[in-house]
Amino acid sequence: MGRILGAVAFGVIVAGLVGGAVAAPGQCEVSGFGSFDCDVALDGDGLTFALPDGQTFAFALVEDNEGLGYLIAPDAQPGQRPDELGTFAPVDGEPGCWAGERDVERFCVLVEQ
């Protein structure tokens, strides 16, 4: 069975790709990539996972029902800023799914228990 992630975030995105995080196998879905198996790194109030093209997707919860999404390049260097995807909010009726401000970007995460 799986555990659906509804309100999680990633605390330290820019500095490292995930120091001290706990990873769990799961199923991820991201706009433009469809659904794929992933290892989700959970760290405090956050998460990251690798995309099929080698980038890392990171999500940071900034307050209840609002988070920020980021893409980290596969060749990112310390101190390099990630690409900001903007604000995300939970999708009504779809636990574990978050949509961008204009519903252009969207992601869902289901973690195995």
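Contact here means heavy atoms within 4.5 Å. The model is predicted, so local features need pLDDT of at least 70 and side-chain atom pairs count only at pLDDT 80 or more, while totals for chains, interfaces and linings use all residues. Residues are numbered from 1 along each chain as its sequence is written, and side-chain values use heavy atoms, with hydrogens and water left out.

**Exercise 1. Contacts of Phe-107**

Leaving aside neighbours within four places in sequence, list the residues in contact with Phe-107.

Solution. Step one: drop the neighbours within four places in sequence. Step two: the residues in contact with Phe-107 are then Glu-29, Val-30, Phe-57, Phe-59, Phe-88, Gly-96, Cys-97 and Trp-98. Step three: for the protein, 40% of the contacts with a separation of 6 or more are between residues 24 or more positions apart.

**Exercise 2. Secondary structure and surface**

State how many helices and strands the protein has, and describe its burial and surface.

Solution. Step one: helices (H or I, at least four residues) and strands (E, at least two) are DSSP runs numbered from the N terminus. The protein has zero helices and nine strands, giving the pattern β-β-β-β-β-β-β-β-β along the sequence. Step two: a residue is buried under 20% relative accessible area, exposed over 50% and partly exposed in between, with a 1.4 Å probe and protein chains only. Of the 113 residues, 37% count as buried. Step three: the accessible surface (Shrake-Rupley method, 1.4 Å probe) is about 6,300 Å², and carbon and sulfur atoms hold 49% of that area.

**Exercise 3. Two hairpins**

Describe how β5 pairs with β4 and with β6.

Solution. Step one: two strands pair if DSSP finds at least two bridges between them. Step two: β4 (residues 46–50) and β5 (residues 56–63) run antiparallel and are joined by five bridges. Ala-50 stands opposite Thr-56 in β5. The hairpin of β4 and β5 has five residues between the strands, and Gly-54 in this turn has a positive phi of about 95°. Step three: β5 and β6 (residues 66–72) also run antiparallel, with seven bridges. Ala-58 has Tyr-70 in β6 as its bridge partner. Two residues lie between β5 and β6 in their hairpin, where Asn-65 has a positive phi of about 60°.

**Exercise 4. The nonpolar core**

Which residues touch the most other members of the largest nonpolar core, and which element gives the largest share?

Solution. Step one: a nonpolar core is a set of buried Ala, Val, Leu, Ile, Met, Phe, Trp, Tyr and Cys residues joined through side-chain atoms within 4.5 Å. Step two: the largest core has 18 residues, and Val-40, Phe-49, Phe-107 and Val-109 touch the most other members. Step three: β2 (22–30), β3 (34–43), β4, β5 and β9 (106–112) each give two or more residues to this core. The largest share, four residues, comes from β3.

**Exercise 5. Disulfides**

Find the disulfides and give their connectivity and handedness.

Solution. Step one: a disulfide is a pair of cysteine sulfur atoms within 2.5 Å, and this rule gives two. Step two: Cys-28 is joined to Cys-38, S to S 2.0 Å. Cys-28 lies in strand β2 and Cys-38 in strand β3, 10 residues apart. This link is right-handed, with 75° about the S-S bond, and Cys-28 and Cys-38 are buried. Step three: Cys-97 is joined to Cys-108, S to S 2.0 Å. Cys-97 lies in strand β8 (residues 97–100) and Cys-108 in strand β9, 11 residues apart. The torsion about the S-S bond of Cys-97 and Cys-108 is about 110°, so this disulfide is right-handed. Cys-97 is buried because its relative accessible area is 8%, and Cys-108 is buried because its value is 11%. Step four: with bonded cysteines counted along the chain, the pattern is 1-2, 3-4.
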